[in-house]
Structure formats: C-alpha cells, structure tokens
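Biologist: Could you take me closely through one part of this model, namely the sheet and the region where the domains meet? I would like a connected account rather than a list.

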Amino acid sequence: MKKHIAVLSGDGIGPEVTAQALKVLKAVGEVYGHEFAYKEALVGACAIDATGNPFPEETEQVCQQADAILFGAIGHPKYDNDPKAKVRPEQGLLAMRKKLGLFSNVRPVKSYKALLPISPLKEEIIDGTDFVVFRELTGGIYFGQPRGRSEDGKNAFDTCAYSTDEITRVSRLAFEAAQNRRKKVTLVDKANVLATSRLWRETVKELVSEYPDVELDFMFVDNAAMKIIQNPRDFDVVLTENMFGDIITDEASVISGSLGMLPSASIGLNQSLYEPIHGSYPQAAGKNIANPFGAILSAAMLLEYSFGMIEESKAINDAVMQAMDEGFVTEDINKDQAKGTEEVGDHVTEYIKQLTTV
Ligand SMILES: NC(=O)C1=CN([C@@H]2O[C@H](COP(=O)(O)OP(=O)(O)OC[C@H]3O[C@@H](n4cnc5c(N)ncnc54)[C@H](O)[C@@H]3O)[C@@H](O)[C@H]2O)C=CC1
Ligand SMILES: CC(C)CC(=O)C(=O)O
Ligand SMILES: [Mg+2]
C-alpha cells in the first residue's frame, strides 16, 4: 500500500540534509518494492517569507494527511539577531509540535567504532555507549504561559508548567523502551529547586510499580550533564522534561562524533515526525559540508517506528556504518579527509541500491 510522507525541509542546511534522506528512502522503496509518495510543505523562515506564518495551515493539513513526516531544521540569522521580531521560525517548530501532539522526542545516542579514534573524548570512556533520551516535547518552559516582558521592558518572564498527564504519557513510552533494553530509567530533573521537577519525581515514582522489571533512578540535571560525558555507559533510558532534554542531547552528540549525527523521532498521539536533532546551521547552508547522517538515520527511524519496516531501517543503519568505516564522512567528523554532504548521501544510497544484487 502506498505510504504518504510529508517532507518539511525547512531552512539553512535543512533542505540539503533532507535531500540526502530522501535519496536513501527512494532507494529503499526501489529495492524493497515499497511505494512512497512525498509531499513537500513549508515551515520556518521560508514559510514566513512565503506566507507570513511559520507553520501555515496548508502545511498542517499536509502533515495531518500523511502517514509520517520527515523534517529538516528551521531558523535564520535575520530572526536570531533581531530580539524584537514578532514572528519567528522557532514559533513554527513549536506550533507544529503542539498542534500535531508530538509529545515524546526519542533521541538515541551511540558511539561508533569507526569514529572512536578521532573523537575529542577518550575512546575507553565512550566506547560501547548506547542510551536513549526520552525528551518531553510539548510542555515545560518552551510553552508555558504567561511569558513576556513587563511594561517598562526591564523584566522578562517565562513559565515552566507540567501536568501529571503530560508526564505520564512520555514516561510510559520510556518505561516500555527500557523493558526492551537494559531495564533502567534515569529521570533527569532539578527536583531540589523546581516544583515541576518534584511533580515529575512523584508521578514517575508512582508509575514505576507498573514496570516491576525496570529499575528507576534519579539524577539532578547539572550532575547528569557531567556524568553523561564522564560515564556514558551507565545510562540506558534517560527520561526528562523539554528544555533539559534539548540541552543534554546536544551535549551527548559529542559522544557520537558531532551534532550532525543524531536522529530523533517525535512521537505523537496520531502522527509522528522524524528530525535530526540539530538546527539550521546557517553558516554551512549551501556549502555542501553539513553532516547528513542525523537526517538519514531519522529516515531509518521513520521506517521502523511508523511503517514497521525493521529490515529496511536496519539496511540504512548498516549503510551509514559502512560509510563511516570507509571514511565517507563530512568535515565535522574528519576535517582532513572530508567528503561533501552529497557524496556521503550518494554513498549511503549506493549501498542500499546494491542490496538488490545480493
Ligand atoms: N530543530 C530545529 O529546527 C532547530 C533549530 N535551531 C535553529 O537553528 C539556528 C542555528 O542555531 P544553532 O544554535 O547554531 O544550532 P545548530 O544546531 O544549527 O548548529 C550548532 C553547531 O552544531 C554543528 N552542527 C549542527 N548541525 C550540523 C550538521 N548537520 N553537520 C555538521 N555540524 C553540524 C555546527 O558546529 C554548528 O555550528 C537558529 O536559528 C536556531 O533557532 C536550533 C536547534 C534546533
Ligand atoms: C527551537 C528549539 C526548541 C529547537 C531545539 O533546539 C530542539 O528541538 O532541539
Ligand atoms: Mg536543540
């Protein structure tokens, strides 16, 4: 049966890395005999330029009608450098997550054998790292009200708010994932200071009795930021709120080799979206230097999570590993012998295509 994929490439390097993921998906379709239909739509700065709205209604419809969504990145320096801008690309990203109910962002973090020798981190510390972060995605301080500035402009305020329902639904996904992994969940919070974090602890503690095979521990986020780099193998499933998850996963990406490496799945009530964890990296836009692995591995997650295509997803993961083994990596990974974004994407695509002949 034909599968409909909404493609929201966005801004900056978004279109370049998404193009590589699409090439790979098209090759998977050919090799495994799947019919994938793609529909593009605007989000972010490009959507503001075209319509004035960073998440236009038409884009929302395209997303709602699709079987899965592939997203690149949004953001543009003209907004980053204008604190008074009334409409911002990031509002499109947040509106998209909220309107589509994408409440759980799943971010796997792994070390790769081929990249260990060129890591800025010690090989013996990061080798064997394999954990996954469940980041709550539609609550917390990125969404809380009220927010804004005082009338005299001298005070600003944001609100961090969570309900037990919001905590419970993402926590259940984290516990279920742990049951299929090493059976350990670490709740990362700031319960020594924040009321929301204390609600997280209370709620998650109650829930764990339903998962007797899973061990639950707690860690303050400042400590976790340090331990993730010092002892990454200690982690299995990390469960955390929106902003903490955002920050610690950028940090954790160094273990994999680069921010450009990490894929993610944003799981929703009726819809799921797949996105590399990085932003629009505007300094690299149009230069053919961005790492496309995060986007390509996000396509692999799409096939597995939304379409149940386990073998196809594994083929993409194998292709990425092979590209790394053969040195087909961008300059963020190997400055001296870098390949271009396109070349890396082509290499992964060719690996998939030759699977027909096996
Ligand atoms: N999901 C999204 O669409 C996100 C959007 N943003 C937006 O992106 C824009 C730039 O934000 P930044 O803070 O600079 O974050 P960024 O993630 O775009 O880039 C930060 C740094 O990470 C590295 N990097 C990121 N992606 C890479 C890739 N594919 N290959 C190689 N290196 C890569 C580069 O060293 C870059 O300077 C802003 O407008 C921001 O609001 C930021 C984060 C997430
Ligand atoms: C606009 C930000 C919340 C995007 C971001 O940094 C992310 O989702 O990782
Ligand atoms: Mg982020």
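Modeller: What follows goes from the domains to their contact, then to the sheet, and ends with a ligand shell and a record.

The model is a predicted one, and the domain assignment of the chain gives domain 1 as residues 1–119 together with 257–358, and domain 2 as residues 129–256. Taken over C-alpha atoms, the centres of domain 1 and domain 2 are separated by 24 Å. Across the boundary, 23 residues of domain 1 are in contact with 22 residues of domain 2. On the side of domain 1 that touches domain 2, helix 5 (89–99), strand 4 (104–110) and strand 11 (265–267) each supply at least two residues, and strand 4 gives the largest share, with seven residues. By class, that side of domain 1 divides into 12 nonpolar, seven polar and four charged residues.

Strand 4 and strand 11 also belong to the sheet, an open one of 10 strands with mixed pairing, in which the order is 2-1-3-12-11-4-5-10-8-9. Strands of a sheet pair through backbone hydrogen bonds, in either the parallel or the antiparallel sense. At the edges of this sheet are strand 2 (36–40) and strand 9 (215–220), each of which pairs on one side only. Between neighbouring strands of the sheet the average turn is 25°, with direction ignored. In that order strand 11 has strand 12 on one side and strand 4 on the other; the pairing of strand 11 with strand 12 (residues 272–274) is antiparallel and runs over three bridges, and within it A265 stands opposite Y274 of strand 12.

Helix 10 (residues 242–256) lies across strand 4, strand 5 (130–136), strand 8 (184–189) and strand 10 (237–240). Relative to strand 5, helix 10 runs at about 155°.

Turning to the ligand, which residues are around ligand 2? They are E90, L93, Y142, D246 and I277, and by class this shell has three nonpolar and two charged residues, with no polar ones. E90 and L93 fall in the numbered span of helix 5 (89–99), while D246 falls in that of helix 10 (242–256).

As for the record, an unreviewed UniProt entry carries the annotation "domain: Isopropylmalate dehydrogenase-like" over residues 4–348. Over those residues, 4–348, the chain of the model is 43% helix and 19% strand, and the end C-alpha atoms are 23 Å apart.

Note on methods. Residues are numbered from 1 along each chain as its sequence is written. Chains are lettered from A and ligands numbered from 1 in the order in which they are written. This is a predicted model: local features need pLDDT of at least 70, side-chain atom pairs count only at pLDDT 80 or more; totals for chains, interfaces and linings use all residues. A residue is near a molecule or strand if its C-beta atom, placed from the backbone, lies within 6 Å of it. Ala, Val, Leu, Ile, Met, Phe, Trp, Tyr, Cys and Pro count as nonpolar, Asp, Glu, Lys and Arg as charged, and the others, Gly among them, as polar. Domain bounds come from an automatic or database domain assignment. Two residues are in contact if their C-beta atoms, placed from the backbone, lie within 7 Å. Helices (H or I, at least four residues) and strands (E, at least two) are DSSP runs, numbered from the N terminus. Two strands pair if DSSP finds at least two bridges between them. Axes are lines fitted to C-alpha atoms, for helices over the stretch in contact, and angles run from 0 to 180 degrees between N-to-C directions. UniProt positions are given in the numbering used here, feature names are shortened, and annotations may be inferred rather than shown by experiment.
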